[in-house]
Structures are given as structure tokens and as C-alpha cells.
Amino acid sequence: MKRLRKDNQGFSLVELIVVVLIMAIIAVALAPQVLKWVNNARISTDLNTMDSIKTAAQTALTNEDAYAEIRKGGLTIIVNNKGATISGNFTSFEKKFKEYSGATINDHKTTDFKTKNGNAVICVTIDENAKVVGQYGTGGSASASTISTYISAVND
């Protein structure tokens with residue numbers, strides 16, 4: 001067997017500092033890319049949330065009572081990072097939407113759906129003809145009256 005040298009004293013302080021500096025340079029170089037990946041993942045999660053809401057809404061509209069309620073005036077579901085709000089009083093629709101989405105709805109609000117991307121807003125509208133449209137954008141307030149000023153991107 002090979003004998004170990006007894007004068008082995010490990011790494012010098014200079015060698016350790018050089019390694020730490022190299023690791024710091026690599027971390028600084030990769031940080032913007034990692035932040036971009038995180039932001040893209042949040043946007044992707046929000047778009048999946050929007051699709052889930054649209055699917056649950058379309059499925060809820062297969063119920064005759066829910067469909068009849070929507071035919072009277074349409075509906076808007078606004079989602080921000082605090083939760084979702086359903087405009088108007090649509091008991092049959094909300095009951096079916098709750099059933100198909102699994103969301104807990106109290107006073108036309110649910111915290112089961114939230115955006116992950118900071119101040120992003122999801123707006124799902126159902127018009128009088130039961131057409132379901134989802135929009136995603138970023139901005140300040142999550143009210144139905146101001147959402148059209150900053151919505152961009154997704155329309156199905």
C-alpha cells in the first residue's frame with residue numbers, strides 16, 4: 001500500500017479564496033437566467049390557472065340553470081394574487097362552477113385561485129352567448145372596470 005505523506009496540511013487560504021471567487025462569478029453570471037426561469041414558471045402557472053377556470057366555467061354551463069343565468073347578462077371572474085371574485089349573483093352557475101373546479105366560494109369570492117406572478121391579473125369573461133374568453137395581463141387593480149386598460153396577451 002501507498003503511504004500517506006505526513007506533511008499534507010490541506011489547502012492554503014489563497015486557494016480557498018480563489019475557489020470562492022470563481023463560484024461567486026458563476027453565480028452572478030447565472031442569476032439573471034435563473035430569475036427569468038422563475039418568472040416564466042410563474043406565468044406558466046397563471047396561464048394553467050386561467051385554463052382551469054375556463055374549463056370549469058365551460059363545464060358549469062352544461063347545466064341548464066347555470067346557462068340560463070348567464071344568458072341574462074354574462075359574468076366576469078377576476079383573479080389576482082389575493083384570490084378570485086365572481087361578479088354578480090349567479091347561484092346556479094356558482095354551484096356548478098364550485099362542483100367542477102373544486103373551489104370554495106363564499107360571497108362570490110374564492111381564494112382557491114390566485115396568480116403567482118406578482119401583480120398579474122386573470123380575467124375570464126362569459127358573455128350572454130356563453131362564449132368563455134380568458135385574458136391575462138399585469139397591472140395594478142383587479143377590478144372589472146380597469147382590467148381592459150392593461151390586459152395583454154392571451155385570448156382564445
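**Exercise 1. Which are the buried residues of α1, and what covers them?**

Solution. The model is a predicted one, and the exercise starts from its helix α1, which comprises residues 13–60. Going through this helix, one finds that its buried residues are D46, T49, M50, I53, K54, A56, A57 and A60. As a general step, an α-helix has 3.6 residues a turn, so residues three or four places apart point the same way. Turning to the cover, the elements that lie over the buried residues of α1 include the helices α2 (64–71) and α3 (91–101), together with the strands β1 (75–80), β4 and β5.

**Exercise 2. Compare the expected span of α1 with the distance between its end C-alpha atoms, and locate its bend.**

Solution. At 1.5 Å a residue, the 48 residues of α1 should span 70 Å. The end C-alpha atoms of α1 are 67 Å apart, which agrees with that expectation. The helix nevertheless bends by about 40 degrees at A31, and within four residues there follows a proline, P32.

**Exercise 3. In what order do the five strands of the open sheet lie, and which strands are at its edges?**

Solution. The order across the open sheet is β3-β2-β1-β4-β5, with antiparallel pairing. The edge strands are therefore those that pair on one side only, namely β3 (109–110) and β5 (132–138). Next, consider the individual pairings: β1 and β2 run antiparallel and are joined by four bridges, and these two strands form a hairpin with two residues between them. Within this pairing, N80 stands opposite G83 in β2. On the way to the edge, strand β2 (residues 83–86) pairs with β3 in the antiparallel sense over two bridges, and there A84 has T110 of β3 as its bridge partner.

**Exercise 4. Is T115 buried or exposed, and which residues does T115 touch?**

Solution. Begin with its place in the chain: T115 lies in the loop between β3 and β4 (120–126). Its relative accessibility is 5%, and because buried means under 20%, T115 counts as buried. If residues up to four places away in sequence are not counted, T115 touches D46, V79, N80, N81, A120, V121 and I122. Of these, D46 is also listed among the buried residues of α1. A polar atom of the side chain of T115 lies 3.1 Å from the backbone nitrogen of N81.

Methods: Residues numbered from 1 in each chain as written. Predicted model: local features only at pLDDT ≥ 70, side-chain atom pairs only at ≥ 80, totals over all residues. Heavy atoms only, no water. Buried < 20%, exposed > 50% of the residue type's maximum accessible area, 1.4 Å probe, protein only. Polar contact = N/O pair within 3.5 Å; in protein donor to acceptor, adjacent residues only side chain to side chain. Contact = heavy atoms within 4.5 Å. Expected span 1.5 Å × (residues − 1). Bend = angle between axes of the 7 residues up to and from the residue.
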